[in-house]
Amino acid sequence: EAMVNIAASANATTRTAPASHLPKELARLEAVPRESETWLASAAVYILFRLFDTLKVPPCRQLEHLPAGWGILLDDIAAGIQVNVLLQVALRIPHY
């Protein structure tokens with residue numbers, strides 16, 4: 001019988017339950033991050049996003065000049081994409 005980890009409480013502790021007793025959406029989950037890992041990742045994302053949004057790394061500065069509020073929206077989206085790419089690359093570098 002297949003077993004999966006599911007969130008047992010709001011603080012994301014895990015317990016094991018038979019997959020046959022779970023809704024289809026939960027049965028696909030393999031692991032739930034611990035609260036400390038989630039907090040650290042969230043803090044890193046927030047700090048890097050604020051840094052990239054403040055520094056306006058290209059093309060963010062050029063997007064900022066678009067009319068009717070589109071520049072403000074799109075430069076934030078571009079900063080978020082840049083942070084996402086940076087963290088995706090960093091997470092895939094082998095840690096020795």
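**Note on the predicted model: a nonpolar surface patch and a salt-bridge network**

1. L66, W70, L73, I77, I81, V85, V89 and I93 make up a nonpolar patch on the surface, and together they offer about 750 Å² of accessible area. Patches here consist of residues with over 30% relative accessible area and no salt bridge, like charges being joined within 9 Å and nonpolar side chains (Val, Leu, Ile, Met, Phe, Trp, Tyr) within 5 Å. Accessible areas were computed by the Shrake-Rupley method with a 1.4 Å probe, and for residues only the protein chains shown count as cover. One member of the patch, I77, lies in helix α4, which spans residues 70-92, and I77 counts as partly exposed because its relative accessibility is 42%.

2. On the basis of the work: this is a predicted model, in which local features need pLDDT of at least 70 and side-chain atom pairs count only at pLDDT 80 or more, while totals for chains, interfaces and linings use all residues. Residues are numbered from 1 along each chain as its sequence is written, and side-chain values use heavy atoms, with hydrogens and water left out.

3. The secondary structure comes to four helices and two strands, and from the N terminus on the elements run β-β-α-α-α-α. Helices (H or I, at least four residues) and strands (E, at least two) are taken as DSSP runs, numbered from the N terminus.

4. As to the protein as a whole, 18% of its 96 residues count as buried, where buried means under 20% relative accessible area, exposed means over 50%, and partly exposed lies in between (1.4 Å probe, protein chains only). The protein exposes about 7,400 Å², of which carbon and sulfur atoms supply 66%. Among the contacts with a separation of 6 or more, 32% are between residues 24 or more positions apart, a contact being heavy atoms within 4.5 Å.

5. A search of the whole structure finds four salt bridges, each defined as a side-chain nitrogen of Lys or Arg within 4 Å of a carboxyl oxygen of Asp or Glu. Side chains of opposite charge can pair when their charged atoms come close. K56 takes part in several of these pairs: with D53, the closest N and O atoms are 3.2 Å apart, and with E64 the corresponding distance is 3.7 Å. The side chain of K56 also meets that of D75 in a salt bridge, at 2.4 Å from N to O. This last pair links distant parts of the chain, since D75 sits in helix α4 and K56 in the loop between α2 (35-55) and α3 (60-63), 19 residues apart. Salt bridges that share partners join R50, D53, K56, E64 and D75 into one network.

6. The accessibility of the residues in this network deserves a separate comment. D53 counts as buried because its relative accessibility is 10%, and K56 is likewise buried, with a relative accessible area of 13%. D75, in helix α4, is buried with a relative accessible area of 2%, whereas E64 counts as partly exposed at 31% relative accessibility. If residues up to four places away in sequence are not counted, D75 touches D53, K56, C60, L63 and E64.

7. Some backbone details may merit a look in the viewer. K56, in the loop between α2 and α3, has a phi near 55°, which is a positive value in a residue other than glycine. The place of P59 is in that loop between α2 and α3 as well, and a cis peptide bond joins P58 and P59, with omega about 10°. A68 also has a positive phi, near 60°, again in a residue other than glycine; the place of A68 is in the loop between α3 and α4, and A68 counts as exposed because its relative accessibility is 74%.

8. A final point concerns L74, which is placed in helix α4 and is partly exposed, with a relative accessible area of 28%. L74 touches L63 and L66 when residues up to four places away in sequence are left aside. The C-alpha atoms of L74 and P59 are separated by 9.9 Å, the two residues being 15 residues apart along the chain.
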